[in-house]
Amino acid sequence: MSSSKSVLPSNDTVEQVFKALETETTALFEHLDVSFLTDYPVFAPDPRGRTRVHDPPELLKGVLHCFYHDIYGPRPMARELHNEDVWRQCGFERPPSRRTLSRFITDFELVAEDVFIELVHELAEQVPLGKLFRIDGTDIPVDHRDEDADWNYDHAEDAYYYGYGCCVVTAADNIPVAAAFTPGKKVDEETAMRVTRDALAVDTPRWFLGDSEFDMLGWHDWLLEQSVVPISPYNPRNTDDPPDIEYRVEERIKAHSDTVRLWQRQLDETYAERSRVETAIGVCKDLGLGTPRVRGRVRVKAHVFIALCLRLAVALANHHRGNDVASPTITL
């Protein structure tokens, strides 16, 4: 008999082996339910009777995995998803082709906002959103060869950029709760109202903050009717006789109530929190929102909402793992 002994690995070694099998991709989809994608007509079975090789939920997971790793465009995505370890974690039975990914992304644009809203509601059932929402527009610069885009002026940067825009409402922990793809960074009142209604359909905050661009009468009045206090710096524009106020809500609250009053200090301290929307948008841009390497309104819009969906998936994963929900990355 041999005198050698077989040494079993220690418990620490076994734990390291199992931890090595876990990846950010598995963590990303552990609590994310995208099975509802099959309910959309755009993803319905082929009318000619051909079955889909890949289902929409696994395709979205594959695309989200690629975005998380800064991989954009159907061709590089297809290369990434030919890695067996990756495509199995995304739920594929075999890797998708470039053409399949391209077709999925094009189709996704038709339901992009609906998918994002569905995931926001899914997250809101599990993650606290706080009582303070913020709204802002951001630039989505693209290649000058994109014939659908145009030159836009960015007032914050005092410079022009070529591309599109996105209006975003964010809640606690840098979480986007409503969004709209727009022709440019500047947000008109119709878009502001639509995005604000979408946000309040998710949860009702106490405060809603926006910069002077959102000094809109209709926006203020509607929020006050919902028992939400909008705070936006008063913009005198071309008024010959501007009221002596700093925030539009000071003037509007008088029109809505004889008893409610807001202290100037309270408004100032609350509005000081508005700048966090820039951090929240920055987190989304770290996850792909600011780097569309595609051209055409359809592809860019799909790209924007995929990035926003990824932000929700990361926040959900971090919440369930006890990590910092505001972080743009998942800690294993």
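Q: Which residue with a positive phi follows α9?
A: This is a predicted model, so a quick look at its backbone is a look at computed angles. Right after helix α9 comes a residue whose phi is positive, near 65°. That residue is Ser-227.

Q: What residues of α9 are buried?
A: Here, buried means under 20% relative accessible area. Helix α9 covers residues 217–225. Going by that cut-off, its buried residues are Trp-219, His-220, Asp-221, Trp-222, Leu-223 and Leu-224.

Q: Are α8 and α9 roughly parallel or roughly antiparallel to each other?
A: Helix α8 spans residues 189–202, and it packs against α9 with the two axes 9 Å apart. The angle between them is about 20°. Angles under 35 degrees count as roughly parallel. The pair is therefore roughly parallel.

Q: Is the crossing of α8 and α9 left-handed or right-handed?
A: These two helices do touch: Glu-189 and Leu-200 are among the α8 residues that meet α9, whose side includes Trp-219 and Trp-222. As for the sense of the crossing of α8 and α9, it is right-handed.

Q: Which helix gives the most to the largest nonpolar core?
A: The largest nonpolar core has 93 residues, and Val-115 and Phe-208 have the most contacts inside it. One helix gives 15 residues to this core, the most of any. It runs over residues 297–321 and is α13.

Q: How many of the 25 residues of α13 are buried?
A: Helix α13 reaches 36 Å from its first C-alpha to its last, close to the 36 Å expected at 1.5 Å a residue. Gly-322, with a positive phi near 75°, follows it. Along its length α13 is mostly covered, and the buried count is 20.

Q: What is Val-115 in contact with, leaving aside its neighbours within four places in sequence?
A: Val-115 is one of the two residues with the most contacts inside the largest core. Once those close sequence neighbours are set aside, its partners are Phe-36, Leu-37, Tyr-40, Leu-60, Phe-108 and Cys-309.

Q: How many residues does the second, separate core have?
A: Apart from the largest core there is another one, and its members include Leu-132, Leu-224, Val-229 and Tyr-271. Leu-224 is also among the buried residues of α9. This second core has 11 residues.

Q: What percentage of the protein's residues count as buried?
A: Stepping back, the secondary structure comes to 13 helices and 6 strands. Among contacts with a separation of 6 or more, 62% join residues 24 or more positions apart. Of the 332 residues, the share that count as buried is 51%.

Technical notes: Residues are numbered from 1 along each chain as its sequence is written. This is a predicted model: local features need pLDDT of at least 70, side-chain atom pairs count only at pLDDT 80 or more; totals for chains, interfaces and linings use all residues. Side-chain values use heavy atoms; hydrogens and water are left out. A nonpolar core is a set of buried Ala, Val, Leu, Ile, Met, Phe, Trp, Tyr and Cys residues joined through side-chain atoms within 4.5 Å. Buried means under 20% relative accessible area, exposed over 50%, partly exposed in between (1.4 Å probe, protein chains only). Helices (H or I, at least four residues) and strands (E, at least two) are DSSP runs, numbered from the N terminus. Contact means heavy atoms within 4.5 Å. The expected span of a helix is 1.5 Å times one less than its number of residues. Axes are lines fitted to C-alpha atoms, for helices over the stretch in contact, and angles run from 0 to 180 degrees between N-to-C directions. Angles under 35 degrees count as roughly parallel, over 145 as roughly antiparallel, 65 to 115 as roughly perpendicular and the rest as oblique. A crossing is left-handed if the near helix is turned anticlockwise from the far one by less than a right angle, and right-handed if clockwise.
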